[in-house]
Amino acid sequence: MASAKNSKYDIREIASKFAIYGDFVDAFPYGTGHINDTFCVVYDQGACRVRYIVQRVNSYIFKDPLGVMKNVSRICRHSFGKLKENKAPDASRRTLTLIRTLDGNDWYVDQAGNFWRCYIFIERARGYDVIENTEQAFQAARAFGNFQKLLVDIPGERLVETIPNFHNTIQRFENFQKSLAADVKNRAAGVKAEIDFVLKREKDCAVVIDAMAKGEIPERIAHQDTKLNNVLIDDYTLEGICVIDLDTSMPGSVLYDFGDMVRTSTSPAKEDERDLSKVEMQFKYFEALAKGYMSSAGDFLNAKEKELLPFSGKLLTFECGIRFLTDFLDGDLYFKTAYADHNLDRCRTQFRLVERIEEQMDTMNKLIANL
Ligand code: ADP
Ligand code: GN1
Ligand code: MG
């Protein structure tokens with residue numbers, strides 16, 4: 001891995017703004033997230049190596065980084081308080097903990113206006129880019145359900161909408177059409193099949209938005225980025241121990257959370273897999289997700305939310321495919337990419353998964369109805 005000296009930021013200098021004891025040892029880029037700049041920072045504290053996560057909030061994507069940090073800070077404090085109330089002995093592994101700056105703030109703004117934060121590193125746990133077994137699916141879904149439950153009584157004003165209309169699929173569809181019309185990189189001609197795939201499914205985009213507008217689905221605080229690698233799984237107990245990546249936790253529908261779990265926790269293929277024959281919606285993983293999610297969220301979901309759980313898997317996978325395709329047409333401005341067609345490869349896995357979900361929708365619906 002590249003050392004922090006090679007990165008465009010002086011991570012040692014940034015880490016020194018936070019109240020971390022001991023001597024700086026090393027810093028290097030960390031993780032496989034598509035959005036923020038994440039670094040693992042190592043300190044020596046009395047001959048013990050201690051790691052931290054130092055992260056730059058992506059302000060191209062989050063136009064209101066102050067709003068993001070205020071949300072994150074409130075969520076961390078609320079979770080920690082609840083864990084303490086319940087006498088959890090390992091509260092600092094069950095929620096993100098922000099390390100304060102030397103002048104007592106939860107974030108640091110550098111001279112260029114970048115927002116930085118520093119978290120306790122959750123050790124002996126990891127996030128997975130690809131699901132490996134049904135227990136992980138059960139645990140991840142249970143953890144995200146618990147996270148939603150935890151936020152039901154967060155005190156104070158409504159959380160900031162850090163990305164307005166983040167999962168507004170009607171608007172995602174419109175944005176796709178705009179990018180298609182502009183075709184700034186002349187890429188549309190090469191992706192006719194993918195474009196048709198989107199146009200054929202326009203109707204799906206309105207289902208959740210309309211149900212929310214009619215009041216059939218309530219607004220709740222949801223995580224809204226429940227990709228499998230945004231929950232850390234304990235290496236030993238295999239429990240879904242800590243939900244991370246809180247930047248999009250805001251008011252919305254809990255269906256966005258369940259849907260993205262289906263997208264990221266039922267297929268054995270990587271998000272950018274080129275061999276599409278590997279992409280599959282494995283029913284037993286869906287079943288594990290549904291059971292895990294119901295075990296924590298089952299008591300607060302209404303009938304409409306339950307009914308739409310299988311559809312949400314299709315919708316969020318479709319939405320993510322549209323987002324990758326739109327970014328491909330725009331010239332790769334939003335998601336971090338490693339090579340020229342990266343967003344297109346990602347889009348193709350999503351659309352293949354949508355087809356696999358469509359084939360099994362009846363069986364998925366039956367399972368939920370009988371749970
Ligand atoms: P992004 O928004 O770019 O996905 P994340 O907040 O998910 O950023 O962080 C990127 C990766 O860093 C995560 O997938 C995870 O592997 C790791 N990570 C983040 N926070 C922690 C933490 N507190 N402890 C251990 N690992 C972490
Ligand atoms: C991004 O931040 P990360 O890598 O966990 C994105 C999600 C997408 C996901 C696709 C803020 O998630 O919405 O579903 O990539 N996050 C944001 O892998 O746009
Ligand atoms: Mg992430």
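Which side chain has an N or O atom 2.9 Å from an oxygen atom of ligand 1? Select Asp245 and you have it: an N or O atom in the Asp245 side chain lies at that distance from a ligand 1 oxygen. Before you go on, bear in mind that this is a predicted model.

**Stop 1: ligand 1**

Keep ligand 1 on screen and show what surrounds it. The shell holds 19 residues, and the closest are Asn36, Gln55, Ile120, Ile122 and Asp245. Two backbone contacts deserve a click. At Asn36, a backbone N or O atom is 2.9 Å from an oxygen atom of ligand 1. At Ile120, a polar backbone atom sits 3.0 Å from a nitrogen atom of the ligand. Now try a surface view: on its own, ligand 1 exposes 550 Å², and the protein buries 93% of that.

Colour the shell by residue class next. You should get 10 nonpolar residues, eight polar and one charged.

**Stop 2: the strands beside ligand 1**

Select strand S3 (48–56) and strand S5 (115–120), each of which supplies at least two residues of the ligand 1 shell. S3 and S5 are paired antiparallel, with five bridges between them. Zoom in on Gln55, already met as one of the closest residues to ligand 1; its bridge partner in S5 is Arg117.

Add strand S2 (residues 37–45) to the selection. S2 and S3 also run antiparallel, joined by nine bridges. Here Gln55 turns up again, as the bridge partner of Thr38. Follow S2 to the turn that leads into S3: this hairpin has two residues between the strands, and Gly46 takes a positive phi near 60° there.

**Stop 3: ligand 2**

Hide the strands and centre on ligand 2. There are 17 residues around it, and His34, Lys227, Glu271, Arg323 and Tyr334 come nearest. Three side chains to pick out for polar contacts with oxygen atoms of the ligand:

- Lys227, with a polar side-chain atom at 2.8 Å
- Asp245, with a polar side-chain atom at 3.0 Å
- Asp225, with a side-chain N or O atom at 3.1 Å

The protein covers 97% of the 450 Å² of accessible area that ligand 2 has on its own.

Asp245 is worth labelling, since its side chain reaches an oxygen atom of ligand 1 and also an oxygen atom of ligand 2.

What does the class colouring show in the shell around ligand 2? Seven residues are nonpolar, four polar and six charged. Then select helix H11 (residues 309–330), which gives the most to this shell, with three residues.

**Stop 4: a three-stranded sheet**

Bring the strands back and look for an open sheet with the order S6-S8-S9, paired antiparallel. Strand S6 (125–126) and strand S9 (240–243) are its edge strands, each pairing on one side only. Between S6 and strand S8 (residues 231–234) there are two bridges, in the antiparallel sense. To find one of the paired residues, click Arg126: its partner in S8 is Ile233.

**Stop 5: helix H12**

Finish with helix H12 (residues 342–370). Pick the C-alpha atoms at its two ends and you get 40 Å; at 1.5 Å a residue, its 29 residues should span 42 Å, so the two values agree. Where is the kink in H12 centred? Go to Gln360, where the helix bends by about 60°.

Notes. Residues numbered from 1 in each chain as written. Chains lettered and ligands numbered in written order. Predicted model: local features only at pLDDT ≥ 70, side-chain atom pairs only at ≥ 80, totals over all residues. Heavy atoms only, no water. Near = heavy atom within 4 Å. Polar contact = N/O pair within 3.5 Å; in protein donor to acceptor, adjacent residues only side chain to side chain. Areas by Shrake-Rupley, 256 points an atom, 1.4 Å probe, with all protein chains shown as cover. Helix = DSSP H or I, 4+ residues; strand = E, 2+ residues; numbered from the N terminus. Nonpolar A, V, L, I, M, F, W, Y, C, P; charged D, E, K, R; others polar. Expected span 1.5 Å × (residues − 1). Bend = angle between axes of the 7 residues up to and from the residue. Pairing = 2+ DSSP bridges.
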